[in-house]
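Student: I should like to learn how to read the features of a protein model, one at a time. May we begin with the contacts of a single side chain?

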Amino acid sequence: MRKHVLFGVAMTLAAVTAMGSTVYAEDGGSKKIAVLRNMTSSDHTTQFFAGAVDEGEKLGYTVDTFMSDGDDVKMQNLMDQALNQDYDIWIVSHANEGYQFDYLSKAVEKGIKVVNAPGRLAVPVSEFTVGLIISEIKNIARSHQRMQKHIFDNDFPNAPYSVNLKGKNIGIIGCGAVGKRVAQIMKAFEANVLVYDSYMADEKIKEMGYTPVGLDELCSVADVISMHYRLTEESKGLGKEQFAKMKKSCFLINAARAGLIEEECLMDALVNHKIAGAGLDVFHEEPLSEDNLLLSLDNVTITNHMAGH
């Protein structure tokens, strides 16, 4: 009996090859396999493909590989292309959080089994997010830059708002695998953790030891706001209404999806110092162009989409 299997969306090579071996054994020896990966070109991606091809050939497969360069639209097109060809097995690796992709629903419509492996990036992204919070509110990266220029002072634009986390209100927007870990770590800093998650019952949030709040209340009282939703039509675009409620001493952190925050509102808040600062690992434009305003602002800590590393 022929099987069509889609492995997603955050599979390690070990999981792919192990699961591929299992399917091969159950299926009696499928011979043609497509491996799609929604990532940019890198040594890791090259190793991933090489390993998949090597393992596939050991099992008697012909393996074709496809790479989207991290472009979801290109990934959709590649998936459409693969679905219209005669593959016995599909392996799809989308090595980041969430499964909000059209190609998954199309796969299901064609009778392909979809397997999710959530949480693979929960530890690195949550730890990175906490590092980004501390770096931004404590001016660690800025101090490093100044020291390299032989400037030895603490005259930072957010100096009046540089605080300890203890006793401060940390707003978590989205309490999934990553948000939950960030909340736990913030609790260890003796912070007050406020959670807004429209997909989670208030009682569940209370059971975890946090305070459930609405989005408007969170934006009004939080000293730090950390974004952890996956990007959907409902979650995208923290905008003008929410920014208007934020305290001038608030720090906004986003290592999730750029689309969770309206870019124009964010830039207005930073340029006009309507909030204390921001820590960003994701951007509407990647990589940043040479004239991107974020490169010249002194109240933002930016990193190159590396939280999952």
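Student: Which backbone nitrogen lies 2.8 Å from a polar atom of the side chain of S235?

Tutor: The model before us is a predicted one. In it, the backbone nitrogen of T232 lies 2.8 Å from a polar atom of the S235 side chain. On its other side of the ledger, the side chain of S235 reaches the backbone oxygen of R230 at 2.7 Å.

Student: Where is S235 found?

Tutor: One places a residue by the elements that flank it. S235 sits in the loop between β9 and α10 (240-245). Leaving out residues up to four places away in sequence, S235 touches Y229, R230 and L260. The C-alpha atoms of S235 and G174 are separated by 9.3 Å, although these residues are 61 residues apart along the chain.

Student: Why is S235 classed as buried?

Tutor: The class rests on relative accessible area, and buried means under 20%. S235 has a relative accessible area of 11%, so S235 is buried.

Student: Is D223 buried or exposed?

Tutor: The cut-off is again under 20%. D223 is buried, because its relative accessible area is 11%. D223 is placed in the loop between α9 (215-221) and β9 (224-227).

Student: With which side chain does the side chain of D223 make a polar contact?

Tutor: The partner is the side chain of K247, at 2.7 Å. Not counting residues up to four places away in sequence, D223 touches K168, N169, K247, S249, C250 and F251.

Student: How should I read a pocket, for instance the second largest pocket?

Tutor: One may take its volume, then its lining. The second largest pocket has a volume of about 420 Å³. Its lining comprises 20 residues, and those closest to the centre are A141, R142, Q145, L297 and V300. Each of α5 (122-138), α6 (140-148) and β12 (300-302) supplies at least two residues of that lining. By character, the lining divides into 10 nonpolar, six polar and four charged residues.

Student: How many helices and strands does the protein chain have?

Tutor: The protein chain has 11 helices and 12 strands. Of its 309 residues, 45% are buried.

Student: What share of the contacts joins residues 24 or more positions apart?

Tutor: Such pairs account for 69% of the contacts with a separation of 6 or more in the protein chain. As for the surface, the accessible area of the protein chain comes to about 15,200 Å², and 51% of this belongs to carbon and sulfur atoms.

Notes:
Residues numbered from 1 in each chain as written. Predicted model: local features only at pLDDT ≥ 70, side-chain atom pairs only at ≥ 80, totals over all residues. Heavy atoms only, no water. Helix = DSSP H or I, 4+ residues; strand = E, 2+ residues; numbered from the N terminus. Buried < 20%, exposed > 50% of the residue type's maximum accessible area, 1.4 Å probe, protein only. Contact = heavy atoms within 4.5 Å. Areas by Shrake-Rupley, 256 points an atom, 1.4 Å probe, with all protein chains shown as cover. Polar contact = N/O pair within 3.5 Å; in protein donor to acceptor, adjacent residues only side chain to side chain. 1 Å grid on protein atoms, 1.4 Å probe; cavity = no way out; pocket = protein on both sides within 12 Å on 5 of 7 lines; lining within 4 Å. Points joined across faces, edges and corners; volume = space filled by probe spheres on them. Nonpolar A, V, L, I, M, F, W, Y, C, P; charged D, E, K, R; others polar.
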